[in-house]
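Student: I am new to this structure and would like a close look at a single part of it. Please choose one pairing within a sheet, explain it carefully, and then lead me outward to what lies around it.

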Amino acid sequence: MARWDAIEPVALRNSIPILRKNDLSPEVAWREHVIAGDEGLPVVVTDATEGWEARKKWSVSFFAQKFGDDEIIVNDKAPLRQQDHPQMQTYKMPLVEYVKYLGDRHHWLATHERGSPFYGNSWAPFVLHDEMRLHIQRMYFVQDLVSDDGQLQMMSRQFTKVFFGPPNTRTRLHYDTYSLHAWLSQIRGRKQFILYPKSQAHLLHAGEGIEASQSWFDPTAPDFTAFPRARQATPYVAVCEEGDTLFCPSGWFHYALSLTPSITLMRNFFNEANFAAFAAEWTAKHSPTLGPSMPNHKTGIQRVGSKPPRVVESDSHACKTSTQE
């Protein structure tokens, strides 16, 4: 991806740096970040991906060589918004073709750019490629009840995605569907994240002319005439380097900006803090009456030593989500 120039992080007024921690125990993470203040508090964990095969192997050339025939969707805007004008451009293509675009300024896809590059932000390789699962691990610092096996297996694989692309790819301000938590691990490159707690939704003009989970306000180019209340909002900001993992609690609005060519691993998940909200939203979305039955988070969890808990005796169906970074 040599044809792309790096960009600098955006300075934001009244911003709060997101705390950076290592050797973060699950107990401290739960108290200080998962449930802190009833809406959680983001944190960057600097040692969560130490020893991962992904850190050694992953690159766009590796993806092209091993999984070049995978069909991926690339967009010039994210996430999807029906109200966009002009509408976002979306192309479906073999992964290897997108990698060619990343290295060739004269590639046919480059002729379709409208001021921003195309972003590969929907690849879920863990659905098809078991070997990719060997390249990553669960986060040691946070409870995750979406089991890798049993009847939640497909849900788990679909909740784990790889985002990759050039500098200046952006994910606009939103919070993730189904009240899910997220973590985002920077495997290659640098990325700036800008977060706001859900309690500031009204300050962000969230839901005005758009879904309640999204906002038209752009914190990197603030228009306080169009969004006057946003002057009072307080952004939490982090620049994630290779090896950093950002934990984004359920309901937090977030905006992502790639500063260099970037590969990010993202996982959505639920635990005991957000399970009830997840189950209610999932059931309401997929059936007006019963919906897929969900795992019982009180009676269906096994804990064995220091291993992460897993849901058992579940009857959940696999799902696809529209979650982004």
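Tutor: Two strands are said to pair if DSSP finds at least two bridges between them, and that is the idea we need for the part I have chosen, in what is a predicted model. Strand E8 and strand E13, the latter made of residues 253–258, pair in the antiparallel sense over three bridges. To find the place by eye, look for His174, which stands opposite His254 in E13. In general, the strands of a sheet pair through backbone hydrogen bonds, and they do so either parallel or antiparallel.

This pair belongs to an open sheet of five strands, whose order is E1-E11-E10-E13-E8 and whose pairing is mixed. The two edges are taken by strand E1 (16–17) and strand E8 (170–174), and because each of them has a single partner strand, one side of each is left without a neighbour in the sheet. The strand that holds His254 is therefore the one partner of E8 in this sheet.

Moving back along the chain from E8, we meet the loop between E7 and E8, where Asn168 has its place. Asn168 is not a glycine, yet its phi is positive, at about 75°. Most residues other than glycine have a negative phi, and most peptide bonds are trans. With a relative accessible area of 23%, Asn168 is partly exposed.

Beyond that loop, strand E7 takes us into another open sheet, in which nine strands follow the order E2-E3-E12-E9-E14-E7-E6-E4-E5, again with mixed pairing. Its edge strands are strand E2 (20–21) and strand E5 (90–94), each of which pairs on one side only. Within this sheet, strand E4 (residues 71–75) and strand E6 (residues 119–123) are antiparallel partners joined over two bridges, and the bridge partner of Val74 in E6 is Gly120. Helix H3 (residues 60–67) packs on the sheet, where it touches E6, strand E7 (160–165) and strand E14 (262–269), and its direction makes about 120° with that of E7.

Helix H4 (residues 95–103) offers another view of this region, since its buried residues are Leu95, Tyr98, Val99, Tyr101 and Leu102. These residues cover an arc of only 155° around the axis, which puts them on the same side of H4. Their cover includes H3, E4, E5, E6 and E7. The loop between E4 and E5 also holds two prolines worth finding, Pro79 and Pro86. The peptide bond from Ala78 to Pro79 is cis, with omega near -10°, and a cis peptide bond likewise joins His85 and Pro86, with omega about 0°.

Near the other edge strand, E2, the loop that leads to helix H1 (26–34) contains Asp23. Asp23 has a positive phi of about 50° although it is not a glycine, and with 65% relative accessibility it counts as exposed. In H1 itself, Ala29, His33 and Val34 are buried. Because they cover an arc of only 75° around the axis, they lie on the same side of H1. An α-helix has 3.6 residues a turn, so residues three or four places apart point the same way. The buried residues of H1 pack against E2, strand E3 (43–45), strand E9 (181–188) and strand E12 (245–248).

The nonpolar interior can be followed through a few side chains. The largest nonpolar core has 53 residues, among which Trp58, Phe63, Tyr98 and Phe164 touch the most other members. A second, separate core of 18 residues includes Tyr175, Tyr196, Phe227 and Ala230. Leaving aside residues up to four places away in sequence, the contacts of Trp58 include Phe63, Phe126, Met132, Ile187 and Leu265.

To set these parts in the whole, the protein chain has seven helices and 16 strands, and 54% of its 325 residues count as buried. Among its contacts with a separation of 6 or more, 80% are between residues 24 or more positions apart. The protein chain exposes about 14,400 Å², of which carbon and sulfur atoms supply 51%.

Definitions and conventions: Residues numbered from 1 in each chain as written. Predicted model: local features only at pLDDT ≥ 70, side-chain atom pairs only at ≥ 80, totals over all residues. Heavy atoms only, no water. Helix = DSSP H or I, 4+ residues; strand = E, 2+ residues; numbered from the N terminus. Core = buried A, V, L, I, M, F, W, Y, C linked by side-chain atoms within 4.5 Å. Buried < 20%, exposed > 50% of the residue type's maximum accessible area, 1.4 Å probe, protein only. Contact = heavy atoms within 4.5 Å. Axes fitted to C-alpha atoms, helices over the stretch in contact; angles between N-to-C directions. Areas by Shrake-Rupley, 256 points an atom, 1.4 Å probe, with all protein chains shown as cover. Arc of directions from axis to C-beta.
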